[in-house]
Amino acid sequence: MSELLQAESLNKTFGAVTAVHNANLHINPAEIVAIMGRSGSGKTTTMHLLAGLESPSGGRVVYRGQNIAGLDEDALAVWRRDNIGLIFQAFHLIPTLSALENVAFPLYPARVPVAKRRQRAAERLAQVGLADRADHRPSRLSGGEQQRVAIARALINNPGLILADEPTGNLDSETGADILALFHRLRDEAGVAFVIVTHDDEVAATADRIIRMKDGEITNNEL
Ligand SMILES: Nc1ncnc2c1ncn2[C@@H]1O[C@H](COP(=O)(O)OP(=O)(O)OP(=O)(O)O)[C@@H](O)[C@H]1O
Ligand SMILES: [Mg+2]
């Protein structure tokens, strides 16, 4: 089995609402997949299920042969830290920390020594073109710069898969294009796979594959 991630018959209900219904999908290594669909169609819920941030009401998510539903809370957090990079539309940066400290933040529970943490964070900031903003707090960064800090943070543990919920939604088209170019570079150079939720046809057109959702269902379902 060569897939990086496989979701089988995924279901998620919130009370009477079926957010995701019988979704089957796979993600290959070094592949960029876009998820498209109208507001409320279940895209974010699907991302949360793939990241183990929500547990499915039915079905399973298998990452590199491991069923993540079989992990307890602590093991799941470690699995996520080591394998998944998360990028949200709202950047979720910590306002009291500098750009460098935000990027290094996921390393704290891993007990990485301070000097090593700072060095790795600095490398990631350089990778997103922000070496000269390392000491800035988020309030002293532009929206695009904050998004790039969030991307650097998502990269800090060399994840195999990055899940990005509208990563370019708040950005001007030029900054958005820079970020997509960065994703393509990471795919080509580091073999990182991406799932990108987007409403933007131009963003989706840069993906290797598009998954379409409607009313909680994947309309181009694989099984
Ligand atoms: N925690 C929750 N409790 C109850 N209902 C929820 C919850 N999260 C999502 N839903 C419902 O599930 C459906 C899918 O929501 P989801 O956030 O996945 O949509 P989406 O495709 O990401 O939409 P958007 O494009 O607006 O971000 C919606 O009808 C939503 O109201
Ligand atoms: Mg959403």
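Ala-30 is found in the loop between β2 and β3 (32-37), where helices (H or I, at least four residues) and strands (E, at least two) are DSSP runs numbered from the N terminus. The phi of Ala-30 is near 55°, a positive value in a residue other than glycine. Most residues other than glycine have a negative phi. Ala-30 is partly exposed, because 17 other C-beta atoms lie within 10 Å; a residue is buried if 20 or more other C-beta atoms lie within 10 Å of its own, exposed if 12 or fewer, and partly exposed in between, with C-beta atoms placed from the backbone. This is a predicted model, in which local features need pLDDT of at least 70 and side-chain atom pairs count only at pLDDT 80 or more, while totals for chains, interfaces and linings use all residues. Residues are numbered from 1 along each chain as its sequence is written, and chains are lettered from A and ligands numbered from 1 in the order in which they are written.

A second positive phi turns up at Asn-158, near 50°, again in a residue other than glycine. Asn-158 lies in the loop between α5 and β7 (161-165). With 12 C-beta neighbours inside 10 Å, Asn-158 counts as exposed.

Helix α5 (residues 143-155) gives 6 residues, the largest share, to the largest nonpolar core. This core has 62 residues, and those with the most contacts inside it are Leu-50, Val-103, Leu-163, Phe-194 and Ile-196. Here a nonpolar core is a set of buried Ala, Val, Leu, Ile, Met, Phe, Trp, Tyr and Cys residues joined through C-beta atoms within 7 Å. Ile-196 touches Ile-32, Ala-34, Ala-164, Pro-167, Val-203 and Ala-207, not counting residues up to four places away in sequence; two residues are in contact if their C-beta atoms, placed from the backbone, lie within 7 Å.

Two residues of α5 deserve a visit. Ile-151 is found in this helix and counts as buried because it has 24 C-beta neighbours inside 10 Å. Leaving out residues up to four places away in sequence, Ile-151 touches Ile-87, Val-128, Ile-179 and Leu-182. Phe-183 is 32 residues from Ile-151 in sequence and 9.5 Å from it in space, C-alpha to C-alpha. Gln-146 is also found in α5, and it is buried, with 24 other C-beta atoms within 10 Å. With the same sequence neighbours left out, its contacts are Phe-91, Leu-93, Pro-138 and Leu-141.

Next comes helix α4 (residues 114-127), whose 14 residues should span 20 Å at 1.5 Å a residue; its end C-alpha atoms are 20 Å apart, which agrees. The expected span is 1.5 Å times one less than the number of residues. In α4, Arg-117, Ala-121, Arg-124 and Leu-125 are buried. They cover an arc of only 100° around the axis, so they are on the same side of α4; the arc is that of the directions from the helix axis to the C-beta atoms. These buried residues pack against α3 (99-104) and α5. On the other side of α4, Ala-115 and Lys-116 are exposed.

Finally, the residues around ligand 1 include Phe-14, Val-17, Gly-42, Lys-43 and Thr-44, a residue being near a molecule if its C-beta atom, placed from the backbone, lies within 6 Å of it. The elements giving two or more residues to this shell are β2 (17-27) and α1 (43-50), and α1 gives the most, with 3 residues.
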